[in-house]
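Student: I have a new structure to look at, and I'd like to learn how to read it. Can we start with a pair of helices?

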Amino acid sequence: MTAVNAVATTGTGSGTTTGTGAGSTSRPRRSKAGWNLLGLLVFLAAGFPVYWMVNTAIKPAKDAIDPDPSLLPTGFTLSNFSRALDIADFWGPVGRSLIVSLSVVAIGIVVGMLAALAISRFAFRGRKVVIVGILAVQMVPLVAMIIPVFLLLNDLEQYDKLTGLILTYLTFILPFTVWTLRGFIVNIPKELEEAAMVDGCSRTGAFIRVVFPLLAPGMVATSVYGFIQAWNEYLYALMLLSQKNQTATVWLGNFTTKHGTEYAPMMAGSTMMAVPIVVLFLLVQRKMAAGLTAGAVKG
């Protein structure tokens, strides 16, 4: 009788353990499915405007203004791209946008890295004030600075010049660059630099050989952000440049006339404008992912 009870008890315990294990296994699966569903919804919400832009760009112009549009392409044509290239100079604005964006990224990453290094590695009077100032500058709406920027550039004889637009873009891209790179540098232990200097490296040599390679993913992520901001900016480019010096974003305004808006050619132009961004992401996607996951949290 005792043996039978022991067997029954053992069986009950085994059944309980098995049931608990199955329940604990199913919970992570449901949780994972929920996160996958959420990720899919975010992807659809973010990707649908891009899909609609490309869909409108390749469909006939008459279908682009259909009051009852179709989610699927109703036809295929490249005439919208030809129209976008013929309506006004395309390569001129795109070239100017590339010059401005690349210049902003190059200057911003060099100046921002040096400023972030100084804030992260050196203790000086007013250091906290500088950090708070960097954060405060990012809170100022860009619209509020249009008139002061216009007056300042006019006094400096930089109005309607690409150099003036580059300086303007640096004012709101540099604070983000400094703040982000500061977080990456703080996450790199000082002991690595000290060990390199013990082995005979100077402070500059230690930075180049030790810190700079570890900082590369963060620099790539920050550079991509700066490029996108400068490439897509519209308001300052519209206010500070004349039509002969317009950038690609302002160029899209040529499709809106007194007779209406040519939506299909405009979407074709927007699609062509998106190509440099897509190519940039394809070139630096690995570094971009590493930079985003490295984080800028410590300190």
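Tutor: Sure. Two packed helices are described by the angle between their axes and the distance between the axes. In this predicted model, the axes of helix α5 (residues 127–138) and helix α7 (residues 162–186) come within 9 Å and cross at roughly 135°.

Student: How are α5 and α7 oriented to each other?

Tutor: They are oblique to each other, and their crossing is left-handed.

Student: Which residues of α5 and α7 meet?

Tutor: From α5 you have I131, I134, L135, V137 and Q138, and they meet T171, P175, F176, V178, W179 and R182 of α7. Sorted by class, this contact has 8 nonpolar, 2 polar and 1 charged residues.

Student: What about backbone angles?

Tutor: Most residues other than glycine have a negative phi. Now look at the loop between α6 (146–155) and α7, where E157 lies: the phi of E157 is near 60°, a positive value. D160, found in the loop between α6 and α7, also isn't a glycine and has a positive phi of about 60°.

Student: Is D160 buried or exposed? And E157, buried or exposed?

Tutor: D160 is buried, with a relative accessible area of 18%. E157 counts as exposed, at 60% relative accessibility.

Student: And how do I read the confidence?

Tutor: Where pLDDT is low, the predicted coordinates should not be read in detail. The protein averages a pLDDT of 81, and 86% of the residues score at least 70. Over residues 6–19, though, pLDDT is below 50, and this stretch has 0 contacts beyond near neighbours in sequence. Residues 295–299 also stay under 50, but there the model has 10 contacts beyond four places in sequence.

Conventions. Residues are numbered from 1 along each chain as its sequence is written. This is a predicted model: local features need pLDDT of at least 70, side-chain atom pairs count only at pLDDT 80 or more; totals for chains, interfaces and linings use all residues. Side-chain values use heavy atoms; hydrogens and water are left out. Axes are lines fitted to C-alpha atoms, for helices over the stretch in contact, and angles run from 0 to 180 degrees between N-to-C directions. Helices (H or I, at least four residues) and strands (E, at least two) are DSSP runs, numbered from the N terminus. Angles under 35 degrees count as roughly parallel, over 145 as roughly antiparallel, 65 to 115 as roughly perpendicular and the rest as oblique. A crossing is left-handed if the near helix is turned anticlockwise from the far one by less than a right angle, and right-handed if clockwise. Contact means heavy atoms within 4.5 Å. Ala, Val, Leu, Ile, Met, Phe, Trp, Tyr, Cys and Pro count as nonpolar, Asp, Glu, Lys and Arg as charged, and the others, Gly among them, as polar. pLDDT is the predictor's confidence in each residue, from 0 to 100. Buried means under 20% relative accessible area, exposed over 50%, partly exposed in between (1.4 Å probe, protein chains only).
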